Amino acid sequence: MKRTSAKVVIAGGFGAGKTTLVGSVSEIPPLTTEEVMTEASVGVDDLAGLDEKTRTTVALDFGRITISREVILYLFGTPGQDRFWFMWDELAQGALGAVVLVDTRRLPASFAAVDYFERRGIPFVVAVNAFFGECAYPDHEIRSALQLGPDVPLVRCDARRRSSAVEVLIRLLRHVLAGLPATPPARAVP
Ligand SMILES: Nc1nc2c(ncn2[C@@H]2O[C@H](COP(=O)(O)OP(=O)(O)OP(=O)(O)O)[C@@H](O)[C@H]2O)c(=O)[nH]1
Ligand SMILES: [Mg+2]
């Protein structure tokens, strides 16, 4: 049996739940690089709806999940604040695909992430993190606000729940597989 490992980026706007998602699915203690937000953040970062947020990722989150006996995913969570954009190219290098987490209270915070993967042709799914139970917006409104193409999957999740986060990753894998060219039929042996 051949084991395959792949890299998946967990991206999205500031405070969308990236560190939470990596932590809830990882089967190894996740590596996080969170720092206490400093005064420098005041008036710079959009903290609307994040009253209790005191820490932010400054480099990356890292975790691992075995999806099946053959497939292991390495998860790389991005930093959310704009001033850490320089990390993204490093994290996205060689990625199989990405999850763009969205908090509907702060949709514009995730515009740049959608744009980033679209431009680079990296397959991605958009996962709406339902912070307080159900998200009030129907799919078509979220799609239109994010200007998602019809082929980009949109799913709902609760980043704190492992099963929910695993479903998002499986949806991404399906999306990646669907985008692969069909295997040519085996040639008949003369
Ligand atoms: N109620 C609720 N809170 C959540 C959920 N996901 C994350 N949180 C909380 O929201 C806050 C932000 O979550 P993080 O996981 O730190 O978000 P992040 O995207 O890694 O943030 P940055 O690294 O700063 O961009 C934390 O206080 C989490 O505990 C959720 O699904 N529901
Ligand atoms: Mg984080």
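**Stop 1: two threonines and a metal**

Select T19 and T57 to begin: both residues are buried in this predicted model. Now show the magnesium ion, ligand 2, and look at what holds it. T19 and T57 coordinate the ion through their OG1 atoms, at 2.0 to 2.1 Å. T19 belongs to helix α1 (residues 18-25) and T57 to strand β3 (residues 55-66), so the pair ties together parts that are 38 residues apart in sequence.

Stay with T57 for a moment. With a relative accessible area of 6%, T57 is buried, since the cut-off for that label is under 20%. Which side chain does the side chain of T57 meet in a polar contact? The partner is T19, at 2.8 Å, so the two threonines that share the metal as ligands also meet each other directly. To see the rest of the surroundings, display T19, T33, E34, T78, P79, G80 and F84: T57 touches each of these, leaving out residues up to four places away in sequence.

**Stop 2: ligand 1**

Next, select ligand 1 and the residues around it. The shell counts 19 residues, and those that come nearest are K18, T19, T20, T56 and N129. T19 from the first stop is thus one of the residues that come nearest to ligand 1.

Three polar pairs are good to draw as dashed lines:

- From A16, a backbone N or O atom sits 3.1 Å from an oxygen atom of ligand 1.
- From N129, an N or O atom in the side chain is 2.9 Å from an oxygen atom of the ligand.
- From D158, a side-chain N or O atom is 3.1 Å from an oxygen atom of ligand 1.

How much of ligand 1 does the protein bury? Taken alone, the ligand exposes 650 Å², and the protein buries 83% of that. Colour by secondary structure here, and you will find that α1 and β3 are the elements giving two or more residues to the shell. Helix α1 gives the most, with 3 residues. Colouring by residue class instead splits the shell into 5 nonpolar, 9 polar and 5 charged residues.

**Stop 3: helix α1**

Select residues 18-25, the span of α1. Is this helix largely enclosed or largely open? Of its 8 residues, 6 are buried, so the rest of the structure largely encloses it. The buried ones are K18, T19, L21, V22, S24 and V25.

Then bring in what lies over them. The cover on these buried residues includes strands β1 (4-12), β2, β3, β4 and β5 (97-102), together with helix α5 (162-179). Showing these elements as a cartoon with the side chains of α1 as sticks makes a good view of the packing.

**Stop 4: T33, across from β3**

Move on to T33, which lies in strand β2 (residues 31-36). Turn on T56, T57, V58, A59, L60 and D61: T33 touches this whole run, not counting residues up to four places away in sequence. Two of these contacts deserve a distance label. The side chain of T33 reaches the backbone nitrogen of A59 at 3.1 Å, and a polar atom of that side chain lies 2.8 Å from the backbone oxygen of L60. For a view of the fold, join the C-alpha atoms of T33 and D61, which are 6.4 Å apart in space while the residues are 28 apart in sequence.

**Stop 5: L75**

Now select L75, in strand β4 (residues 71-77). L75 counts as buried, at 0% relative accessibility. Its contacts beyond four places in sequence are V8, I10, V22, V25, D61, F62, G63, I65 and L169. Among them, V22 and V25 are buried residues of α1. A C-alpha to C-alpha line from L75 to A6 spans 8.6 Å, for residues 69 apart along the chain.

**Stop 6: the whole chain**

Finally, zoom out. The chain has 5 helices and 7 strands, in the order β-α-β-β-β-α-β-α-β-α-β-α along the sequence. There are 190 residues, and 47% of them count as buried. If you switch to a surface, the accessible area comes to about 10,500 Å², with 56% of it belonging to carbon and sulfur atoms.

A contact map makes a good last panel. Taking contacts between residues at least 6 apart in sequence, 72% join residues at least 24 apart. The contact between T33 and D61, 28 residues apart in sequence, is one you have already visited.

Conventions. Residues are numbered from 1 along each chain as its sequence is written. Chains are lettered from A and ligands numbered from 1 in the order in which they are written. This is a predicted model: local features need pLDDT of at least 70, side-chain atom pairs count only at pLDDT 80 or more; totals for chains, interfaces and linings use all residues. Side-chain values use heavy atoms; hydrogens and water are left out. Helices (H or I, at least four residues) and strands (E, at least two) are DSSP runs, numbered from the N terminus. Buried means under 20% relative accessible area, exposed over 50%, partly exposed in between (1.4 Å probe, protein chains only). Contact means heavy atoms within 4.5 Å. Accessible areas come from the Shrake-Rupley method with a 1.4 Å probe; for residues, only the protein chains shown count as cover. Donors are N, O and S atoms within 2.8 Å of the metal (3.2 Å for Na, K and Ca); water is not among the atoms, so sites may look incomplete. A residue is near a molecule or strand if one of its heavy atoms lies within 4 Å of it. A polar contact is a pair of N or O atoms within 3.5 Å; within protein, one must be able to donate a hydrogen and the other to accept it, and residues adjacent in sequence count only if both atoms are side-chain atoms. Ala, Val, Leu, Ile, Met, Phe, Trp, Tyr, Cys and Pro count as nonpolar, Asp, Glu, Lys and Arg as charged, and the others, Gly among them, as polar.
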